[in-house]
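Biologist: Could you take one part of this model and go through it closely for me, setting what the record says beside what the coordinates show?

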Amino acid sequence: MIFIGGISQGQKILNYVKTVICDRCGAYGRYQVMMTYMYFSFFFIPLFKWNKKFYVKMSCCEAVYELNPEKGKALARGQQVDITQSDLTLVQEGNRRSTYENGAYKVWKKCVRCGYETEEDFEYCPKCGGRL
Ligand SMILES: [Zn+2]
Ligand SMILES: [Zn+2]
């Protein structure tokens with residue numbers, strides 16, 4: 001088969017550094033901004049891109065948010081932007097979260113395989129044996 005042209009999905013990590021207290025797990029985390037897009041390539045040369053979407057992934061617990069596209073586009077153009085919580089819509093829960101109960105924070109670990117949540121500091125999921 002000779003490959004001439006095709007449509008693929010690409011992903012790019014944008015240069016953005018901000019440290020915040022994560023609103024999901026309560027730890028310090030960094031925003032990692034990613035852009036995904038579809039592109040058409042011809043002889044391996046990407047010709048045009050469309051359907052750009054921007055996501056923010058937390059470095060602490062891997063929660064994923066969809067980023068306000070206006071902010072994402074500005075960032076992709078190399079402009080200075082400030083991403084705040086109001087630009088983010090949660091699309092995927094992270095592998096930890098914290099709750100505030102009786103005056104203390106509790107950190108819950110969540111199994112990515114089966115969704116089991118525990119407040120114990122287990123290394124492996126008691127339900128399915130997956131790594132927490
Ligand atoms: Zn987090
Ligand atoms: Zn599990």
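Modeller: UniProt, in an unreviewed entry, places a "transmembrane region" at residues 31-48. In this predicted model, the chain over residues 31-48 is 0% helix and 89% strand, with its end C-alpha atoms 27 Å apart. Strand S3 covers 28-42 and strand S4 covers 45-58, and the loops next to these strands lead to the metal site. The zinc ion (ligand 1) has as its protein donors the SG atoms of Cys22, Cys25, Cys60 and Cys61, which lie 2.3 to 2.4 Å from the ion. Along the sequence these donor residues follow the spacing C-x2-C-x34-C-C. Distant parts of the chain are linked in this way, since Cys22 sits in the loop between strand S2 (19-21) and strand S3, whereas Cys60, 38 residues apart from Cys22, sits in the loop between strand S4 and strand S5 (64-67). The arrangement is tetrahedral because the 4 donor atoms around the zinc ion subtend angles of 104 to 116°, and the ideal angle for four tetrahedral donors is 109.5 degrees.

As for accessibility, a residue counts as buried under 20% relative accessible area, so Cys22 is buried at 4%, and Cys60 is buried at 14%. Cys61, also in the loop between S4 and S5, is buried with 0% relative accessibility. Leaving aside neighbours within four places in sequence, Cys61 is in contact with Cys22, Arg24 and Cys25, and also with Gly94, Asn95 and Arg96. Of these, Arg24 is 37 residues from Cys61 along the chain, and the C-alpha atoms of the two residues are separated by 8.0 Å.

Methods: Residues numbered from 1 in each chain as written. Chains lettered and ligands numbered in written order. Predicted model: local features only at pLDDT ≥ 70, side-chain atom pairs only at ≥ 80, totals over all residues. Heavy atoms only, no water. Donors = N, O, S within 2.8 Å, 3.2 Å for Na, K, Ca; no water. Tetrahedral: all angles 85-135°; square planar, octahedral: opposite > 155°, others 65-115°. Helix = DSSP H or I, 4+ residues; strand = E, 2+ residues; numbered from the N terminus. Buried < 20%, exposed > 50% of the residue type's maximum accessible area, 1.4 Å probe, protein only. UniProt positions renumbered as here; feature names shortened; annotations may be inferred. Contact = heavy atoms within 4.5 Å.
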